[in-house]
Every structure is written in C-alpha cells, then in structure tokens.
Amino acid sequence: MSEAMVTETAASRSNGRPAKKEAKPKGPGFFARIAIFLRQVIGEMKKVVTPTRKELLNYTAVVLVFVVIVMGIVTVLDLGFGKLVLWVFGGNVHIEH
C-alpha cells in the first residue's frame, strides 16, 4: 500500500489533537417546525368527518344512557359501602346528653 493512499489519523498527526467531528446537518429551525406542525394539524382537520344530525342524536343518546347506568352503579355501591361501614363500626350508637 502506498503512502498516498493512507489517510491521516489523530494518532499519526504531528500535533496530537483528535480529528474534528463532522457537523451534523441541522434540521429545520424553530419557526419552520411550527409551520410544519400547523400544516399537519390543518391536514388532519381536513380528514375529520362531521356526523349527520341522526348520528349525533344517536351518539348523544348512547352517552346519556351510559352515564345514567354508571350513576346507578355508583349509587348502589355508595349506599352498600355506607351501610357496611356503619355495620362494622357500630353506626347505631346513641349519645345521650
């Protein structure tokens, strides 16, 4: 191998300093990233499908029925745990003055 083909390394330099790292290519700047984000938001908003009136009423009814069912479950559990706590800790003690 000829000397012309050998590349210079940090160890073979006369000054002994390590070779500089190559600069990374910079990405888009701060304002360019904001612009890209806004374009992506607008692109996603164009994909949104608005429900028809019938679909909207159907979705609303489903949500309301679900909320009523969950309210019933929570009420029953609350009353049950309340009775259980009163039974365990003797809730029917009367204090006389």
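This briefing covers the helices, surface and side-chain contacts of one protein chain. The model is predicted: local features need pLDDT of at least 70, side-chain atom pairs count only at pLDDT 80 or more, and totals for chains, interfaces and linings use all residues. Residues are numbered from 1 along each chain as its sequence is written, and side-chain values use heavy atoms, leaving out hydrogens and water.

**Helices**
- The protein chain has two helices and zero strands. Both terms refer to DSSP runs numbered from the N terminus (helices: H or I, at least four residues; strands: E, at least two).
- Helix α2 covers residues 53–88, which is 36 residues. Its expected span is 52 Å, and its end C-alpha atoms are 52 Å apart, so the two agree. The expected span is 1.5 Å times one less than the number of residues.
- G90, just after α2, takes a positive phi of about 65°.

**Surface**
- Buried residues account for 0% of the 97 residues in the protein chain. Buried means under 20% relative accessible area, exposed over 50%, and partly exposed in between (1.4 Å probe, protein chains only).
- About 10,200 Å² of the protein chain is exposed, with 68% supplied by carbon and sulfur atoms. Areas come from the Shrake-Rupley method with a 1.4 Å probe; for residues, only the protein chains shown count as cover.
- A nonpolar surface patch includes V65, I69, W87 and F89, and the whole patch has about 1,100 Å² of accessible area. Patch residues have over 30% relative accessible area and no salt bridge; nonpolar side chains are joined within 5 Å, like charges within 9 Å.
- F89 lies in the segment after α2. F89 is exposed, at 67% relative accessible area.

**Side-chain pairs**
- The whole structure yields one aromatic pair. The ring centres of F30 and F31 are 5.2 Å apart with planes at 75°, so the pair is edge-to-face. Pairing needs centres within 6.5 Å; planes under 30 degrees apart are stacked, over 60 edge-to-face, the rest tilted.
- F30 and F31 are each exposed.
- One salt bridge turns up in the whole structure. The term means a Lys or Arg side-chain nitrogen within 4 Å of an Asp or Glu carboxyl oxygen.
- K47 bridges to E44, with the closest N and O atoms 3.2 Å apart. K47 is exposed at 59%, whereas E44 is partly exposed at 46%.

Key. Rings of Phe, Tyr and Trp (its six-membered ring) pair if their centres lie within 6.5 Å; planes under 30 degrees apart count as stacked, over 60 as edge-to-face and the rest as tilted.
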